[in-house]
Amino acid sequence: MMRFILPVMLALAALPARAAIEIKEVVSPGGITAWLVEDHAIPFTALEIRFRGGASVEAAQKRGATNLMTALLEEGAGEMDARAFARARDGLAASFRYSVSDDALSVSAQFLTENRDAAIDLLRQSLIAPRFDAEAIERVRGQVLSGLRSDEKNPQSIASRRFAALVYGDHPYGSSLDGTIDTVSALTRDDLVAAHAGALARDRIHVSAVGDITADQLGALLDSLLGDLPATGAALPGLADPVFPGGVEVVDFATPQSVVLFGQPGIGQEDPDFFAAFILDHILGGGGFESRLMTEVREKRGLTYGIYTYLADRELAQVWGGSVASANDRVAEAVEVIRAEWQRMQQDGVSQDDLDNAKTYLTGAYPLRFDGNGTIANIIVGMQMRGLPIDYAATRNDQVNAVTLEDVNRVARTLLDPARLSFVVVGQPEGLTESSN
Amino acid sequence: MLRLSAVVFSLALVLSHAMARPALADDQVTSFTLPNGMDVVVVEDHRAPVVMHMVWYRAGSADEPAGASGIAHFLEHLMFKRTEKMETGEFSRTVARNGGRDNAFTSYDYTAYFQRVAADRLGLMMQMEADRMVNLRLDDSEIATEREVIIEERNQRVENSPAALFREQKDAVQYLNHRYGVPIIGWRHEMVALDRDDALAFYERYYAPNNAILIVAGDVTPDEVRALAEQHYGPIPANPDLPERLRPSEPPQTAERRLIYRDARVAQPYVSRSYLAPERDSGAQETAAALTVLAEVLGSGTTSVMAEALQFDTQVATFTGAFYGGTSLDRTTFDVVVVPSEGVSLEEAEAAMDRVLADFLNTGVDAEQLDRIKMQVRAAQIYARDDVESIANQYGRALTQGLTVADVQAWPDVLQAVTADDVLAAARMVLDRRQAVTGWLMAEEVTQ
């Protein structure tokens, strides 16, 4: 029982100004680029691969194809069926994780130095030569369908789907990448083969490696691991055009506590005002215990266990989002307080003290993130995905410190938009009527 | 293979992980005890300028007085309020202003508080943590508001989740006499009545240096930790009235127990069974090690016995799993779960599960599978060094649950020494329906 649990949030920003790590760019003989942090203290390597595009490259009527394909990468490859592959991987004590989001297909691998070549050969087969055996397809399809049926009765999943549909409409971001029971049931092996060819290609790769490996070793590894992938994959969709109608939408669902998602337009890291907004979000709802929303909704009124906001800087859209959950007879008050705080922040901004405290936290916490091979590999592949320079570390805290009170309060006035702040409430809220602006 | 769905995976969370990660190389861990009885463990990792500072109390929900369920967890929340020296909220505010983060957690056997900060702020963290060990000042209006927060926490974790409600009922059926049958967060009807007196009684009884373990992991030396700990925690006197941790023990279970939990919000029914099982005991971890390996053999991943039989050779199940939470002060459970494929009834799924377990007791452990598990145990010692916070947690759990530093350090070797015969013997001992609780989680019956 934690005092509270932080939801999975976007990792924004990265490298320590003063942590003793050095990122090298490695270009393989075959032309694949990776970022490397060499650290020979522990005899293993953490490798992170991202294929940009992820599930967003699939057609609407094939929704769920990339997700099912990704789950099948470890279900048989080359000469091995699913069980043979698992036995080989476990025998090497290697860890391979495959996952997909709307922005990327991710492969996270950890392997010992003592059997690195064998581990990479196995990983390679799963990426280059997955089998998509009929038996495996049906087995994993059954798991996906089981999850989809559960999602239909889970207030959190219902809220996520409804919020995405409301904001993104027909864009791929507007539907769940898991697909629907209908689309997943209809997927064929050909669809999975096509999804594989569309998602895993050399024109969309980012790689990071951290640990017991040299630049030369990594270069050779990259070519053997990824060199045989096709040069190009499926086209990425265009930008989304998020719609925020304002008001409250209620989805009736019989459960004691209402689950609430809310949001308004966000801002991307390429925007000169990004760090001002980032600090503003920290003060408003991103900063855990210290945020205004946590103070007002939880600490003062006891209306929830936790409330959070975040800036979602996605590849194809930017949203300023948040979440809260309150008992059905108290959620109306929680929504009212959130709206009032949004309004207050927009009108009155923050104080110099608020700003200084936020900066102290954000710049102080920054170097503490880089505390393990797996963690660092994750962070630096994320930097590549976001198009940040390799020396971002050296400037990140300076960019935070350069934000002035005027910047933050100007961004509060211009970016915060109480009229467009839109709520989706799943539950049986009392005294909360649907409204739209 | 997809990982277990959220619904099923929540089962695993409360049971902790099937395979505890083995400890670091012994020379990176130092331990000593302050004169007032406070135990100290230092885990060194100098790769990044950060430390994890934790104080663990040997007091959890299973130490609560009858009628006050949830007070251990409620007190954990209240520990962030006013003390003699700090205002409400000042603790976390100070941590944040130093670039750190803090939190706390409660389980059956322990309550723990932690801050993750730059290594040069360790002294400040100790100063504040030492203050709230003895100087808490509780205010009635703050208590009333925070009680609403824990009720909302219960709503979020339990009332909104049929799987959690099911598990709560099942645990209550599993433990006839021991407090492991009472939820950590508390029964709702008792939570709403928790007050200042309940909190202070628990605080004064259990929060003292001779009932606490200090764990510091990261970029520090044992000498630095010792000097700071003596300065900040050293002056706090031991509690001479600290009670011995004697809890009602479970009687032998001699009759199989079963329950059905129905909820309209269930989309995916499943069958879950727990067998009462021995826990890791200091100096005698062999049986627990065999059970740990058994959980891997039976129900951890694609190559496990249950997955092979129920997901590959037949298509009875969508998911299968076996879990064993060996680190526990008192008797624990060994759990198996089967999520049936569409069109397979719970009755059929359970029968198939029972056939697999019976077959396993006849055929025993596959030697190659055991070799792979041993390889993973050895590798886990290498991977574990990348994450000192998990090592810190491992020591905290062990030392609050009846184990010693030496037990933690011996554990990888004890695991490595487990033989196929040991696993089979452990299976024969534990997999007995007479000492099991079998639960079905189901949707409401449809009435036309």
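Helices and strands are runs assigned by DSSP, a helix having at least four residues and a strand at least two, and they are numbered from the N terminus. With that vocabulary, the tour can begin. The model on display is a predicted one.

**First stop: a loop of chain A**

Select Phe132(A). This residue lies in the loop between helix H3 (116-128) and helix H4 (134-151) of chain A. Inspect its backbone: Phe132(A) is not a glycine, yet its phi is positive, at about 50 degrees. A general remark helps here. Most residues other than glycine have a negative phi. Is Phe132(A) buried or exposed? Since buried means under 20% relative accessible area, Phe132(A), with a value of 3%, is buried.

**Second stop: the loop after helix H2**

Move to Ala93(A), which is placed in the loop between H2 and strand E6 (95-100) of chain A. Ala93(A) is another non-glycine residue with a positive phi, here about 55 degrees. The relative accessible area of Ala93(A) is 6%, so the residue is buried.

**Third stop: where the two chains meet**

Keep helix H2 of chain A (residues 82-92) in view and add helix H13 of chain B (residues 367-384). The axes of these helices come within 7 Å, and they cross at roughly 40 degrees. Because of this crossing, H2(A) is oblique to H13(B).

Which residues make the contact? Display the following side by side:

- From H2(A), select Arg87(A), Asp90(A), Gly91(A) and Leu92(A).
- From H13(B), select Arg372(B), Met375(B) and Gln376(B).

Colouring these residues by chemical character gives two nonpolar, two polar and three charged.

**Fourth stop: helix H9 of chain A**

Next, select Phe278(A), a residue of helix H9 (residues 274-286) of chain A. Phe278(A) has a relative accessible area of 7% and is therefore buried. For a sense of distance, add Ala34(A) to the selection. Phe278(A) and Ala34(A) are 244 residues apart along the chain, and their C-alpha atoms are separated by 28 Å.

**Fifth stop: chain A as a whole**

Zoom out to show the whole of chain A. How many helices and strands does chain A have? There are 15 helices and 13 strands. Taken along the principal axes, the C-alpha atoms of chain A fill a box of roughly 60 × 50 × 40 Å. The radius of gyration of chain A is 23 Å, which agrees with the value near 22 Å for a compact globule of 437 residues.

Of those 437 residues, 61% count as buried. The contacts of chain A tell of links across the sequence: among those with a separation of 6 or more, 83% are accounted for by residues 24 or more positions apart. Switch on the surface of chain A, and about 15800 Å² is exposed, with carbon and sulfur atoms supplying 49% of it.

**Sixth stop: a loop of chain B**

Turn to chain B and select Asn36(B), found in the loop between strand E1 (29-33) and strand E2 (39-44). Although Asn36(B) belongs to a loop, the residue counts as buried, at 10% relative accessibility. What does Asn36(B) touch, not counting residues up to four places away in sequence? Its partners are Pro209(B), Asn210(B), Tyr233(B), Gly234(B), Ile236(B) and Ala238(B). Now add Gln311(B): from Asn36(B) the separation is 275 residues in sequence and 55 Å in space, C-alpha to C-alpha.

**Seventh stop: helix H14 of chain B**

Select Gly396(B), which lies in helix H14 (residues 388-400) of chain B. Gly396(B) is buried, its relative accessible area being 0%. Leaving aside neighbours within four places in sequence, Gly396(B) is in contact with Trp56(B) and Ile215(B). Asp354(B) is 42 residues from Gly396(B) in sequence and 36 Å from it in space, C-alpha to C-alpha.

**Last stop: chain B as a whole**

Finally, show all of chain B, whose secondary structure comes to 16 helices and eleven strands. The C-alpha trace of chain B spans about 65 × 55 × 40 Å along its principal axes. For 448 residues, a compact globule would have a radius of gyration near 22 Å, and the 23 Å of chain B agrees.

Buried residues make up 63% of the 448 residues. Among contacts in chain B between residues at least 6 apart in sequence, 83% join residues at least 24 apart. The surface that chain B exposes is about 16300 Å², of which carbon and sulfur atoms supply 49%.

Note on methods:
Residues numbered from 1 in each chain as written. Chains lettered and ligands numbered in written order. Predicted model: local features only at pLDDT ≥ 70, side-chain atom pairs only at ≥ 80, totals over all residues. Heavy atoms only, no water. Axes fitted to C-alpha atoms, helices over the stretch in contact; angles between N-to-C directions. Parallel < 35°, antiparallel > 145°, perpendicular 65-115°, else oblique. Contact = heavy atoms within 4.5 Å. Nonpolar A, V, L, I, M, F, W, Y, C, P; charged D, E, K, R; others polar. Rg over C-alpha atoms; globule rule 2.2 N^0.38 Å. Buried < 20%, exposed > 50% of the residue type's maximum accessible area, 1.4 Å probe, protein only. Areas by Shrake-Rupley, 256 points an atom, 1.4 Å probe, with all protein chains shown as cover.
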